[in-house]
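Me: I'm new to this one, and I'd like to go through it step by step. Could you show it to me first?

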Amino acid sequence: MKKLLFLIFIGFATSIVAQNPLFIPPTITSTTINLVLDTGTTQFYPGRNTQTMGANGVLLAPTIIMQKNSFVDITVTNNILDTTTMHWHGMHVSPENDGGPHTKIAPGESWNPKFTVLDNAGTFWYHPHLHHFTGKHVSKGIAGMLLVRDTEEASLNIPLSYGIDEFPIIFQTKGLDSLDQIEVHTEMDSIVMVNGTVDPVIDFPAQIVRLRVLNGSSQRVMEFGFSDNRQFSLIGTDGGLMGAPVNITRYRMAPGMRADILVDLTTSLGQNFQIMSYGDELPAGNYGATNPSKIFHVIPGYTDNPLNGLSFPVLDINVVTATSSPILTIPTVLANFTPLLAANATLTRDIFMNFAPGNADLRGPFLLNNRAFMHSYVNDTVELGATEIWSLHNHTSIAHPFHIHDVQFQILSRNGQPPAPEHAGWNDVVLVEGGFSNVQFIARFDDFTSDTVPYMYHCHMLPHEDMGMMAQFIVVQPGSVGVNNLSTNFKGLSIYPNPTKGNITIEGLGNIKTINIFSIEGKLLVTKNVDINPSAEIEMPKEKGTYLLEIINKAGARTTRKIIHY
Ligand code: C2O
Ligand code: CU
Ligand code: CU
């Protein structure tokens with residue numbers, strides 16, 4: 001509590017010195033969407049120049065508003081100096097359109113994803129996703145909000161006027177070095193901003209106001225609430241609207257999470273209050289709490305960051321006269337919400353979050369199922385149409401926000417207990433507490449398959465992700481044989497027939513050097529050098545069963561395929 005009082009004093013002092021009107025990112029509502037990534041200079045503080053990155057600007061990105069079932073044609077042009085990618089976080093799109101680490105955009109080049117919007121009305125976002133560089137590109141500024149609207153939402157009496165009764169709230173903390181440049185992968189993220197505005201203030205009309213909140217921070221958990229502890233209605237989570245509003249005074253938002261919130265200001269005219277992050281209420285083991293570890297690990301310098309363990313203001317709000325046709329009530333019923341049934345799940349997949357061997361540094365690196373991310377290794381193969389339970393086990397001492405691409409999931413349990421009402425909606429990020437806690441979710445993998453382009457799952461603390469706390473899965477046709485490894489170096493490679501009665505032909509061997517056949521237990525059975533041949537025929541070992549075929553090219557890259565001999 002002492003820290004909170006101290007902050008109110010500081011907040012009061014700064015609010016007199018330097019309050020800035022909250023920046024509201026412009027919108028793109030057309031189905032033809034052009035995004036140009038660029039670098040530039042931003043003054044977070046007057047007279048202090050910081051190099052930043054943005055889309056269609058020098059910081060952040062436009063808010064894209066899409067209609068469900070519309071067909072969008074997006075061009076992303078990369079004018080920054082790094083290769084990057086662009087990912088539509090939370091959206092259900094094909095792996096080719098998902099903008100993961102495999103779908104690179106070189107400097108000076110463009111990428112042109114096109115898709116039908118299948119998602120229900122919800123709060124999504126978009127950001128770069130190049131492996132090792134996500135933290136850099138996002139913390140330097142490339143991140144935008146993406147709202148999907150649909151007819152079900154339109155039939156509800158809720159705010160839909162962006163910038164008037166509906167406001168984007170992109171919460172981020174950043175660290176600046178002594179030359180005012182953004183620090184990447186820093187634990188000194190002591191500057192709080194909303195929509196890129198430091199010390200922001202805004203007027204809200206005295207009616208029902210809708211907040212589209214995104215925690216776009218690299219690491220910090222936000223404990224969302226209001227300074228006067230007023231109640232708010234959570235009407236939607238990551239992936240869309242809930243069945244009914246959930247009335248609460250706090251909502252814990254890990255990096256990557258979104259909240260769709262209605263706040264009733266009908267009797268608040270003339271009042272002043274703040275959106276807060278109640279850091280001093282965060283349990284130990286969350287980044288932003290007094291203690292970032294649930295057990296005994298530490299982050300060097302953590303206590304030097306004044307935000308840690310502190311409850312601090314995020315946005316200053318003044319309530320002014322209502323608009324001419326205000327919404328004055330909060331509906332009691334929202335969207336049609338169909339629970340996925342555990343009884344329909346065909347598989348439970350266990351995912352362990354671990355420290356890398358010999359490492360006890362709370363900053364990482366961390367692993368998933370004891371592996372670091374490898375571009376060429378597919379960790380999981382999921383069958384199209386499958387309903388699966390994913391069981392997340394956190395064997396580290398810090399909470400990790402687990403995020404999965406392609407699907408929205410429903411949380412089934414936290415440490416064996418059913419989820420709180422505010423966690424019962426559609427999500428694509430879930431915060432898994434440290435110290436051997438477990439979260440189970442259920443999801444259905446529909447519509448899209450690819451043998452070659454995987455979807456990601458990872459921790460959404462960007463330093464953790466960049467250091468390898470990421471894995472990938474492919475979705476395949478039921479009964480088809482999964483690919484265990486893939487590599488863009490093996491384009492044009494074809495292997496047939498598979499399953500086989502004895503022989504297989506491998507074509508497109510231009511670059512291939514060695515072919516190995518392993519037993520499914522990993523024992524090397526056959527090695528063949530194919531230095532000269534453009535194609536090769538291989539006899540499978542006599543015994544029927546499943547084998548692993550490893551192909552190594554001249555550059556040393558390798559790919560492995562499952563071969564069934566029947
Ligand atoms: Cu917000 Cu894999 O991403
Ligand atoms: Cu994502
Ligand atoms: Cu993590």
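Me: Which protein donors hold the copper ion (ligand 3)?

Reply: Happy to help, and do keep in mind that this is a predicted model. The donors of this ion are spaced along the chain as H-x58-C-x4-H. They lie 2.0 to 2.1 Å from the copper ion (ligand 3), and they are His400 (ND1), Cys459 (SG) and His464 (ND1).

Me: How many residues apart in sequence are the parts that histidine 400 and histidine 464 tie together?

Reply: Histidine 400 and histidine 464 are both buried. Histidine 400 belongs to strand 28 (residues 400-404) and histidine 464 to helix 4 (residues 462-466), so the pair ties together parts whose separation in sequence is 64 residues.

Me: Which residues coordinate the copper ion (ligand 2)?

Reply: Histidine 87 sits in strand 7 and histidine 403 in strand 28, so this pair links distant parts of the chain, 316 residues apart. Each of the two, histidine 87 and histidine 403, is buried. At 1.9 to 2.0 Å, the copper ion (ligand 2) is coordinated by His87 (NE2) and His403 (NE2).

Me: Which strands stand at the edges of the open sheet with the order 2-5-11-10-7?

Reply: That sheet has five strands, and their pairing is mixed. An edge strand has a single partner strand, so one of its sides is left without a neighbour in the sheet; this applies to strand 2 (27-28) and strand 7 (87-89).

Me: What is the bridge partner of histidine 89 in strand 10?

Reply: Strand 7 pairs with strand 10 (residues 122-127) in the antiparallel sense, over three bridges. Within strand 10, the residue bridged to histidine 89 is tryptophan 125.

How values were computed: Residues numbered from 1 in each chain as written. Chains lettered and ligands numbered in written order. Predicted model: local features only at pLDDT ≥ 70, side-chain atom pairs only at ≥ 80, totals over all residues. Heavy atoms only, no water. Donors = N, O, S within 2.8 Å, 3.2 Å for Na, K, Ca; no water. Helix = DSSP H or I, 4+ residues; strand = E, 2+ residues; numbered from the N terminus. Buried < 20%, exposed > 50% of the residue type's maximum accessible area, 1.4 Å probe, protein only. Pairing = 2+ DSSP bridges.
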